[in-house]
Every structure is written in C-alpha cells, then in structure tokens.
Amino acid sequence: MHYELYVDSLFFLNFIMNLYLLMLVDKTAYGRAGKGRLLAGAAVGAACFVLPFLLRGPAVLKILLGMGTGSAGMLCIAFPVKSLRMFLKLLERLVLYSFGLGGAMLFLIRCLPGLRRYLTGVSGILGMGGLFFLLFGRFRDGRNPENSLCRAVLSREGKRAEAAALIDSGNSLTEPVSGKPVCIVDRTLFDRLWDKSPDAFRAIPYHSIGKRRGIMPGFLLPGLQLEIEGMTYVFNDVYVAVSEEAISETGSIGAESVNMIINPGLFAKSVAGGRKKRQNERQNDSESNDTGQDSV
C-alpha cells in the first residue's frame, strides 16, 4: 500500500496541536510562558515529529527519537526550566494533557461514525482539538496559587536568604508610585539582607483588622525566587514591605514559621505575555539615587 505524505500539512497540524498542549500546560504553571516562547516551542515539537519521516532506520527508534526530542524541546523552549524536578513536572502535565486530548478526540470519532470522514481530516482534527482545548482550559488540572505555601529565596547584593512564604489573596498591597504588587517580610528576614534600613524608602499604606490604616516602609528587592509544587518562578525588582510584627506563629498553617507573605499580583500576566504594566510605572525603578529623590 502506498501513502502520500504532505510535510507542510503534517507540520501545520502538529504545530497547532502542540500549541494547544503547551497553552494548557502554561495554565497550570500560572501563565509563566510568553506567546513567543509558546509558538517557538510548538514549532520545534512539530519539526521533531516530522523528522522521523525523513530519516532511515527502525520505525520504533525513529518515533521514540522524534517524540522524546520534540517533547523535551517544546518544554525547554516554552518554559524557563530551572531544574530537573521542574522539567519532570512539566513533562507529567504535558503527557496527561496529550492522552486526555487524544482520548477525547478518539471517543468523539467513535461516537459519530457518520462524520468520521470529516473529523479525521486536518480541519476536523484542529476543530476537535480546539473544542477540547477550551473545555480542558475551563477545568484545568492546576491549583490557584493563592493561599498556598511555597519556598522563597531572596537575593540582594550577593546575599541570599531562604524563607517559608504564604501566597495570600488577602495581600493586595501596591507601591503607590509604580502600582507594582508588594510582598511583606518580617523584620528578621529583612535584617538578613539589609545590614541597616536605608534612609530612603517607599511608604506603603495598608489596612488591617484591628487597625484602620497604617504605613510600612517598602524597599526594592532585586531578586525573588519562588518554588511551588516543584515549579520555580523567578521575579526581578520586587517591592517588599517590612512588618515589625511576626507574620505567622508556629503551626498556624501547617508550617514551622512563615516569614513572608506573597502578593498574588506577582503572577499576573498581560495579554501579550509580559507582566502587567501600570500606566504610571516609572522608567527608573531601582534603588538608585534617582529613586531616592522621590522616596520617603
């Protein structure tokens, strides 16, 4: 039996299906991949899938080679993989969505035998993939980052400090000038990175139960890394407000102690795949002399 293979159609079909899968994985990763990275990852995966048809050798070996390199290439290009554990976590989600999407499409084809001719065409496959992509996106296998514990690594001027942190939906603090989200650290954690409080700081207004309003000093933290369920997220230039009171007592939320409260706004992404930009965001937003002139 003779088959004709159209490489362009095969590449396009796999590109779109890979894009569906990567977008679903990105939803479980709190939207950390940009559109450009998702497109590039989908293209690499499609190219690796087509490659076995152009090579000679045992069919099983070629298929495994194409699937293995394609999956690894897709994930490493689309997501900022920081560790083997993170890669395996992303791979697990990619495999689950692949089987789920493929199984749902096969089930629909079996349920509608009269439409099999149309459903198995390029348009039919892409249409079914888009339909189940929307359905899986609404009921995605991913937890909201809010109200969950994570491990935080803070870095400043060569110093590093690790802490248990809580991503708290109740923290909606923003820095008044730039509108950036503000995280809260206790005095003990702050002193591990700053030898002494700088003279210049940003005033962070807040409201709390039992106290109508107040002001906390805010400082710019150059580097913040969060590890959530094996996934690593890196943020630069994050504002932190210093609390003079202990954030959490031992055992209050199942942890030894919590020294930091993360603002969920850090995970917010704009439609273009970048971080949300405020209209009044400053061009120079660092601990420089220019910043100090407009600080409290």
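At 66% relative accessibility, Glu157 counts as exposed, and in this predicted model the residue is placed in the loop between strand E1 (148-156) and E2. The backbone of Glu157 has a phi near 50°, a positive value in a residue other than glycine. The side chain of Glu157 meets that of Arg156 in a salt bridge, with a distance of 3.5 Å from N to O. The two partners differ in their surroundings, because Arg156, at 12% relative accessibility, falls under the 20% limit for a buried residue, whereas Glu157, at 66%, lies over the 50% limit for an exposed one. A positive phi is also found at Asp237, where the angle is about 55° although the residue is not a glycine. Asp237 belongs to strand E6 (residues 231-243) and is partly exposed, with a relative accessible area of 34%.

The protein as a whole contains eight helices and seven strands, and 42% of its 296 residues count as buried. Among contacts between residues at least 6 apart in sequence, 67% join residues that are at least 24 apart. The accessible surface comes to about 16900 Å², and carbon and sulfur atoms account for 58% of that area.

The interior can be described through its nonpolar cores. In soluble globular proteins, nonpolar side chains tend to be buried together. Here, the largest nonpolar core holds 62 residues, of which Phe79, Leu154, Leu224, Met260, Ile262 and Phe267 touch the most other members. Helix H1 (residues 7-28) is the element that gives the most to this core, contributing ten residues. A second core, separate from the largest one, consists of ten residues, including Ile204, Tyr206, Leu220 and Tyr239.

Two of the helices may be considered in turn, beginning with H2. Helix H2 has 20 residues and reaches 29 Å from its first C-alpha to its last, which is close to the 28 Å expected at 1.5 Å a residue. Its buried residues are Leu38, Gly41, Ala42, Gly45, Ala46, Cys48, Val50 and Pro52, and these pack against H1 and helix H3 (59-78). Helix H2 also takes part in a nonpolar patch on the surface, which is formed by Val7, Phe49, Leu51, Phe53 and Leu54 and has about 460 Å² of accessible area together. Helix H2, which spans residues 35-54, gives the most to this patch, with four residues. One member of the patch, Leu51, is found in H2 and counts as partly exposed at 41% relative accessibility, because this value lies between the limits of 20% and 50%.

Helix H6 (residues 122-138) has 17 residues and reaches 25 Å between its first and last C-alpha atoms, close to the 24 Å expected at 1.5 Å a residue. The buried residues of H6 are Gly124, Leu126, Met128, Gly129, Gly130, Phe132, Phe133 and Gly137. These buried residues pack against H1, helix H4 (84-111) and helix H5 (116-119).

Charged side chains provide further links. Side chains of opposite charge can pair when their charged atoms come close. The structure holds seven salt bridges, among them one between Arg85 and Glu227, in which the closest N and O atoms are 3.0 Å apart. Arg85 lies in helix H4 and Glu227 in strand E5 (residues 211-228), so that this pair ties together parts that are 142 residues apart in sequence. Arg85 is exposed, with a relative accessible area of 53%, while Glu227 counts as partly exposed at 23% relative accessibility.

Another salt bridge joins the side chains of Glu175 and Arg202, with a distance of 2.9 Å from N to O. Here too the pair links distant parts of the chain, since Glu175 is in the loop between strand E2 (159-167) and strand E3 (182-186) and Arg202 is in strand E4 (residues 202-208), 27 residues apart. Both residues are buried, Glu175 with a relative accessible area of 1% and Arg202 with one of 4%. In addition, salt bridges that share partners join Arg85, Arg151, Glu162 and Glu227 into one network.

Notes: Residues are numbered from 1 along each chain as its sequence is written. This is a predicted model: local features need pLDDT of at least 70, side-chain atom pairs count only at pLDDT 80 or more; totals for chains, interfaces and linings use all residues. Side-chain values use heavy atoms; hydrogens and water are left out. A nonpolar core is a set of buried Ala, Val, Leu, Ile, Met, Phe, Trp, Tyr and Cys residues joined through side-chain atoms within 4.5 Å. Buried means under 20% relative accessible area, exposed over 50%, partly exposed in between (1.4 Å probe, protein chains only). Helices (H or I, at least four residues) and strands (E, at least two) are DSSP runs, numbered from the N terminus. Patches are made of residues with over 30% relative accessible area and no salt bridge: like charges are joined within 9 Å, nonpolar side chains (Val, Leu, Ile, Met, Phe, Trp, Tyr) within 5 Å. Accessible areas come from the Shrake-Rupley method with a 1.4 Å probe; for residues, only the protein chains shown count as cover. A salt bridge is a side-chain nitrogen of Lys or Arg within 4 Å of a carboxyl oxygen of Asp or Glu. The expected span of a helix is 1.5 Å times one less than its number of residues. Contact means heavy atoms within 4.5 Å.
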